[in-house]
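Please look through the structure shown here before reading on. The report that follows takes up one lysine and then the surroundings of the ligand.

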Amino acid sequence: MTQDLMSMYLKWYELSVHAVNDYRVEGEISRELIEGLVLSGMGGSGIVGDVIYSLLYDKVDIPIITIKDYSLPKWVKKGWFVIAVSYSGNTLETIHAMTESLRRGAKLAVITSDGKLLEYAKTYKIPFIKVDEGYVPRAAFPLLLIATLKILEELNLYNASKFYESLGVLNDNKIMNVADEISNFVGNSIPIFITNSKYYPLGLRCKNEFNENAKLISKVEVIPEWGHNDIVGWESRYSNVKAIVLNDGSEILNYVWKHLRDYGHEVKNVEINISDDYLTNIIYWSKVFGISSIKLALSKGINPKETKSISKYKEFLKHSKLARINFREKM
Ligand code: PA5
């Protein structure tokens, strides 16, 4: 029997522990010095790249970029390392980025549960981690994240042991109540998430969850840029827009939520620092907001798991010119 979406999120602790204990890289990751790191992936898989970018922003002395597109910048070449993440393994953008990386002689690793990415990884002897099948990409977030961390550990770029030791937060018994509070707050509104660059991946994740699970338009805004344009839009009043500030306690985010409140907007200030470990905060709040978007969908009789428009878009891509480029010819 296929699992419902809520059950998948409720298993995040068990899934995470399983990934930490059991995931291994198949094949050998080259330990040669790398000149730069690319994280390629779309949607629920691509978010992992955003998290890693912010995690390593002030920790490593090589450039890191996330690619959510078919092509790579010209300066990604031999000497760079590309991690291609696609839960299904069949996402066209990620397949193209992977092919292009191979053609340019970059080193690669693949994270997937199946599909063409797995097939190509085996055929072209690309190191890979095969994550568990049977989930939807956004619900497999802990699996994809931990698999990526395993690659970073092999590359000596990060040691995630502190995060692994904190996974117990996923069993916190406050999660359901906080998720209820958030879904009640959002109700029929368009939720706008506001946070800082460091927590942009969390803001994006929350926006994506309300898009995909609750079938709502939702947006994310990031300070300090927000203070130079979007802030002015909040001088007007809207009947169905609400702000959710993902507040890590910084002076500027404390300013932002009070500013919005003083302008008469409905704003929820969420204090997100439950730990001093970045990844722990990310996974904890991803679970809370994921569940709150599922609860909102269920309260409206909406199926949170189904994403018909994404399937339709992927169907269109399958028959587009981009899909006709033959992988083997490109090699
Ligand atoms: O959450 C989702 O279902 C989507 O955002 C997918 O992650 C996205 O379409 C990319 O697919 P995949 O993760 O299989 O590469």
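## A buried lysine and the ligand site

Helix H6, which spans residues 141-154, contains Lys150; helices here are DSSP runs (H or I) of at least four residues, numbered from the N terminus. This is a predicted model, in which local features need pLDDT of at least 70 and side-chain atom pairs count only at pLDDT 80 or more, while totals for chains, interfaces and linings use all residues. Residues are numbered from 1 along each chain as its sequence is written, and side-chain values use heavy atoms, with hydrogens and water left out.

Lys150 counts as buried because its relative accessibility is 12%, where buried means under 20% relative accessible area with a 1.4 Å probe and protein chains only. Its C-alpha atom is 8.9 Å from that of Ile129, and the two residues are 21 apart along the chain.

Turning to the ligand, 13 residues surround it, of which Ser45, Ser86, Ser88, Thr91 and Glu212 come nearest; a residue is near a molecule if one of its heavy atoms lies within 4 Å of it. The table gives polar contacts, that is, pairs of N or O atoms within 3.5 Å.

| Side chain | Distance to a ligand oxygen atom |
|---|---|
| Ser45 | 2.5 Å |
| Ser88 | 2.7 Å |
| Glu212 | 2.7 Å |

Of the 370 Å² of accessible area that the ligand has on its own, the protein covers 93%, by the Shrake-Rupley method with a 1.4 Å probe. Helix H3 (43-56) and helix H13 (308-318) are the elements that give two or more residues to the shell around the ligand, and the largest share, three residues, comes from H3.

Notes
Polar contact = N/O pair within 3.5 Å; in protein donor to acceptor, adjacent residues only side chain to side chain. Buried < 20%, exposed > 50% of the residue type's maximum accessible area, 1.4 Å probe, protein only.
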